[in-house]
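Work through the exercises below with the sequence and the 3D structure at hand. Each task is followed by a solution in steps.

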Amino acid sequence: MTRVLVVGGGIAGYCAALAARRDGAEVTVVARAPGATALYAGAMEIVDDLDSVLRSPYHPLARLGMDAVGLATELDGAISTLQLALGKEGLRLEGGWRSRGLFADIHGLARSANVVPDSVAPGELGALSGKRVAVIGVPEVGDYDATSTAQALKELHGIEAFAEDISIADLPQGAALTDLYGRRAPAPRARGAAIAYPPGFTNLPADGFELLASPPSPHGWRLQQAISLGAVAAQVMSFESARGRITAARAASRAFHADAFVLATGRHIGGGLQAGRTTTEPLLGLGVFHEGVPAAGLGTRLHHLKYLSAAEEMVLGVMTDKRLHPLSEEGTVPYSNLYAAGAVLGGYEYSGPCGFGVPILTGWLAGRFAARQE
Ligand SMILES: Cc1cc2nc3c(=O)[nH]c(=O)nc-3n(C[C@H](O)[C@H](O)[C@H](O)COP(=O)(O)OP(=O)(O)OC[C@H]3O[C@@H](n4cnc5c(N)ncnc54)[C@H](O)[C@@H]3O)c2cc1C
């Protein structure tokens with residue numbers, strides 16, 4: 001049986017573990033701490049336009065060398081397996097990569113998504129049109145204002161929204177949204193309206209839905225809890241290798257030996273990339289690229305680009321071949337049994353329309369390639 005070690009406990013590492021186990025591998029996941037997955041707003045963006053993805057030569061999904069039909073088939077498999085697995089952990093997701101909707105956050109601002117938790121799904125803005133929407137406020141909570149959310153829903157999206165404050169007497173002084181986490185949703189007085197709750201409550205009524213979050217995010221925290229079961233808490237400090245293959249990942253107190261390794265260490269929040277004068281990949285010194293050019297060689301031009309737009313930093317990352325083997329700065333494959341997945345990869349907009357699509361699909365494929373040692 002192939003032994004696969006996945007480094008990273010975010011959504012990419014989880015999908016890699018799912019796929020590798022499905023292919024019969026013995027999988028260990030090592031994670032230092034929650035990363036960006038635990039902060040996501042609650043709106044999974046998978047992909048908007050496969051053809052435009054395939055036209056971007058450095059996009060991680062284009063680099064897989066598949067056509068639109070191949071990518072679509074893999075997305076179907078990855079998303080449905082993920083939905084099934086998370087459903088078993090009690091986290092039900094609705095939607096699919098082919099559907100898209102708009103969902104409001106706690107400020108009433110809209111974000112588009114392909115897949116959302118079932119507690120968010122009824123708040124799709126198109127589905128709310130023509131309905132009255134009660135936005136629940138909690139006067140004891142200082143960092144959220146239902147009146148301004150209702151006003152934004154009205155002005156920005158034409159929704160007939162109004163605020164309804166419900167006091168929760170046993171909240172601590174100076175309470176914040178995080179203090180609502182895990183509490184039972186209070187019942188509103190308004191009748192016959194859809195009910196928008198700030199995220200975090202449980203047991204929502206039939207007409208209730210949760211708004212999207214800004215960090216810290218109850219949606220992210222629930223997802224992180226659902227995917228963390230069974231992961232070993234440890235920080236990989238280095239790898240051992242021989243003759244172009246990784247043999248072990250070393251943490252402070254132990255070594256993890258395996259036949260194949262998946263690097264799903266995330267971007268700056270996860271710790272997979274380190275920003276500095278030059279952005280680097282800290283564990284193996286893999287190449288970090290900006291539009292196909294090693295970042296280290298771009299010198300001051302990249303600094304100027306980053307000065308003009310912070311987004312330039314967010315497209316930097318590791319580059320892979322068709323089998324998700326990460327490349328060295330010289331463009332060669334340094335380790336034949338190493339695969340990379342998720343936000344550690346560059347070439348796409350981290351907070352754009354593939355925010356979850358890249359981690360899910362590259363994680364899924366990296367897990368499969370690792371299990372088969374392709
Ligand atoms: C605030 C915020 C909100 C977002 N909201 C959305 C959204 O609503 N929709 C959307 O589509 N996208 C969103 N994104 C983007 C999305 O969350 C990320 O792209 C995605 O979660 C990345 O997943 P990942 O598994 O690649 O990385 P992470 O989730 O960052 O996971 C990396 C993992 O690697 C581990 N790790 C790193 N180094 C080591 C090491 N040396 N040893 C052991 N473990 C290690 C980390 O501890 C962590 O567990 C958001 C991002 C942010 C920051």
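In what follows, Ala, Val, Leu, Ile, Met, Phe, Trp, Tyr, Cys and Pro count as nonpolar, Asp, Glu, Lys and Arg as charged, and the others, Gly among them, as polar. The model is predicted.

**Exercise 1. The ligand shell**

Describe the residues that surround the ligand by number, class and element.

Solution.
- Step 1: The ligand is surrounded by 40 residues, and the closest are Gly10, Gly35, Gly266, Gly342 and Gly355.
- Step 2: Two elements, α1 (11-22) and β2 (26-31), give two or more residues to this shell. The largest share, three residues, is that of α1.
- Step 3: By class, the shell has 22 nonpolar, 16 polar and two charged residues.

**Exercise 2. Domains**

State how the protein is divided, and describe the contact between the parts.

Solution.
- Step 1: Domain 1 covers 3-89 + 229-372, and domain 2 covers 99-214.
- Step 2: Taken over C-alpha atoms, the centres of the two domains are 33 Å apart.
- Step 3: In the contact, eight residues of domain 1 meet 15 residues of domain 2. The side contributed by domain 1 consists of five nonpolar, one polar and two charged residues.

**Exercise 3. Two open sheets**

Give the strand order of each open sheet and identify the edge strands.

Solution.
- Step 1: One open sheet has five strands, ordered β11-β2-β1-β15-β19, with parallel pairing. At its edges are β11 (232-233) and β19 (338-340); each has a single partner strand, so one side of each lacks a neighbour in the sheet.
- Step 2: Within this sheet, β15 (residues 260-263) and β19 are parallel and share three bridges; Leu263 is placed opposite Ala340 of β19.
- Step 3: Helix α1 lies across β1 (3-7), β2 and β15, and runs at about 170 degrees to β2.
- Step 4: Another open sheet has four strands in the order β8-β7-β9-β10, and the pairing is again parallel. Its edge strands, β8 (160-165) and β10 (208-210), each pair on one side only. From one strand to the next, the twist averages 30 degrees.
- Step 5: Strand β9 (residues 194-197) is joined to β10 by three bridges, with Ile195 opposite Gly208.

**Exercise 4. Two hairpins**

For each hairpin, find the bridges, the number of residues between the strands and the residue with a positive phi.

Solution.
- Step 1: β4 (residues 101-104) and β5 (residues 110-113) run antiparallel and are joined by four bridges. Leu102 faces Ser112 across this pair. Five residues lie between the strands, and Gly108 in the turn has a positive phi of about 85 degrees.
- Step 2: β12 (residues 236-242) and β13 (residues 245-251) also run antiparallel, with six bridges. Ser238 is opposite Arg250. Here two residues lie between the strands, and Arg243 has a positive phi near 45 degrees.

**Exercise 5. A helix pair**

Classify the packing of α3 against α9 and list the residues that make the contact.

Solution.
- Step 1: α3 (residues 68-88) and α9 (residues 357-372) pack at about 95 degrees, their axes being 10 Å apart.
- Step 2: Angles from 65 to 115 degrees count as roughly perpendicular. The two helices are therefore roughly perpendicular to each other.
- Step 3: From α3, the contact uses Glu74, Leu75, Ala78, Ile79 and Leu82; from α9, Ile360, Leu361, Trp364 and Leu365.
- Step 4: These divide into eight nonpolar, no polar and one charged.

Notes:
Residues numbered from 1 in each chain as written. Predicted model: local features only at pLDDT ≥ 70, side-chain atom pairs only at ≥ 80, totals over all residues. Near = placed C-beta within 6 Å. Pairing = 2+ DSSP bridges. Axes fitted to C-alpha atoms, helices over the stretch in contact; angles between N-to-C directions. Parallel < 35°, antiparallel > 145°, perpendicular 65-115°, else oblique. Contact = placed C-beta atoms within 7 Å. Domains from an automatic or database assignment.
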